[in-house]
Amino acid sequence: MARPIHLDSVDKEYRSAGTVHVAVDDLSLTIPEGSFTTLVGPSGCGKTTTLRMIAGLETPTSGRVSFGEQDVTDLSPQNRNCAMVFQSIALYPHMSVRENIGYGLKVQGVPRDERNRRIDEAAETLQITEQLEKMPAELSGGQQQRVALGSAFVQDPDVLLLDEPMSDLDAKLKAELRVEVQRLHQELDATMVYVTHDQTEAMTMSDHVVLLNDGRLEQFAPPGELFDRPVSEYVARFIGTPSTNVLPATVEPREEGYALAGEGFEVPAPAESFVGREGEAVSLGVRPQYLSPDGGDHRFTVVADVVEQLGTEFVVHGRTPGGTDVDVVSPTLGDVEHADELTVGFDAADVYVFGEDGRTVCYGDELANDSPRPQRNS
Ligand code: ATP
């Protein structure tokens, strides 16, 4: 039966040669029961360490891990009703696919008939029924990973943990297996936690995303919220492809409130978010898809460097005359060539404003708010 997973002020430190390395730093969150939650972030941010602490393969240096009401911090992995699938596929080469999938059940003493029933069910869900009597060496990488998923599936775990299970597969197989993993989630009454460094995978597959930054929680939210309401520049840059543009600006006082003055543009800003920030160097985050050639309320110049075609759209990688890197995505940029000068624009509603500390000060809906702006305190 699926259970929520609670991490309560979890730390993990590794000590070697007299130095302490903090891999996970004061992590607290509740992964909802039955959800598909993804841990995402760049290499070394603590994803695998977090997953291994949930599995019981690592013990936190401090803090507690609970499944529902049960504190499992000191429970062995075998006693957590938790299954794990790893990036490197670990199949027994001398056993058939059927024997591999059923091995865990056999060790638990599950009778043969029951074992076969569960193996057949898993094979059907993962579309490997035809492969059941083959040996692992006769399977492709994608099929082998399905067998590994099948071994986890038959155990009917409360918690299913997946550590980059697709990273060794090619793009087509990855796409297929993504669907299988989601089918698995629908069939199993389990809380699933999935680790990936690929934000596209995280955003497309999950109910919730945990974005880690150097061992700390940066944001924990459903994918749409992560995209639309990033809490920091780090989140805005990590989520979305190409990465969010970050345009420097300064907070300047104006007759009625404030303005965010950048290279060639000026965005009126509400007093309530910017009081006390006069002169601060802020940044405006604008997604490449929200910059429109010759459109938008606030325009500036970009000099094209490289143009790429991405299906029906074109991506222009360029730079402002002042040297800020800018990417623009649009279906209308096919004729752009290296060194061409473009005028691009954005609407205030599509912007995130980040403070000097990288945290989000306000979102575009506040900038675009048409209601009369309160007077600036002076
Ligand atoms: P990747 O995507 O590269 O797998 P990750 O986000 O999963 O990275 P972890 O494997 O959790 O990151 O590692 C987090 C940090 O802890 C890294 O700096 C790593 O070098 C360090 N680390 C992990 N395991 C150990 C260990 N057994 N001993 C010492 N340091 C470790």
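Q: Which side chain has an N or O atom 2.6 Å from an oxygen atom of the ligand?
A: In this predicted model, that side chain belongs to serine 43, one of whose N or O atoms lies 2.6 Å from a ligand oxygen atom.

Q: And what about the backbone, which residues put an N or O atom by a ligand oxygen?
A: Cysteine 45 does so with a backbone N or O atom 3.1 Å from an oxygen atom of the ligand, and glycine 46 has a backbone N or O atom 3.0 Å from a ligand oxygen atom.

Q: How much of the ligand does the protein bury?
A: The protein buries 59% of the 630 Å² that the ligand exposes when it is taken alone.

Q: Which elements give two or more residues to the shell around the ligand?
A: Those elements are strand E2, which covers 19-31, and helix H1, which covers 47-55, and the largest share of the shell, three residues, comes from H1.

Q: OK, which residues make up that shell?
A: Around the ligand are Tyr14, His21, Ala23 and Pro42, then the run Ser43, Gly44, Cys45, Gly46, Lys47, Thr48 and Thr49, and finally Glu164; by class, these shell residues divide into six polar, four nonpolar and two charged.

Q: Changing topic, what is the volume of the largest pocket?
A: The largest pocket has a volume of about 850 Å³, and of the 25 residues that line it, Cys82, Ala83, Met84, Gly104 and Gln155 are the closest to its centre.

Q: Where in the fold does that lining come from?
A: Two or more residues each are given to the lining of the largest pocket by strand E6 (82-85), helix H2 (97-107) and helix H4 (141-154).

Q: How many of the lining residues there are charged?
A: There are no charged residues in the lining of the largest pocket, which divides into 16 nonpolar and nine polar residues.

Q: And the second largest pocket, what lines it?
A: That pocket, with a volume of about 200 Å³, is lined by Met95, Arg98, Glu99, Gly102, Tyr103, Lys106, Arg112, Arg115, Asn116 and Ile119.

Q: Which element gives the most to that lining?
A: H2 gives the most to the lining of the second largest pocket, with five residues, while H2 and helix H3 (112-125) are the elements that give two or more residues to it.

Q: What about the classes there?
A: The lining of the second largest pocket has five charged, three nonpolar and two polar residues.

Methods: Residues numbered from 1 in each chain as written. Predicted model: local features only at pLDDT ≥ 70, side-chain atom pairs only at ≥ 80, totals over all residues. Heavy atoms only, no water. Near = heavy atom within 4 Å. Polar contact = N/O pair within 3.5 Å; in protein donor to acceptor, adjacent residues only side chain to side chain. Areas by Shrake-Rupley, 256 points an atom, 1.4 Å probe, with all protein chains shown as cover. Helix = DSSP H or I, 4+ residues; strand = E, 2+ residues; numbered from the N terminus. Nonpolar A, V, L, I, M, F, W, Y, C, P; charged D, E, K, R; others polar. 1 Å grid on protein atoms, 1.4 Å probe; cavity = no way out; pocket = protein on both sides within 12 Å on 5 of 7 lines; lining within 4 Å. Points joined across faces, edges and corners; volume = space filled by probe spheres on them.
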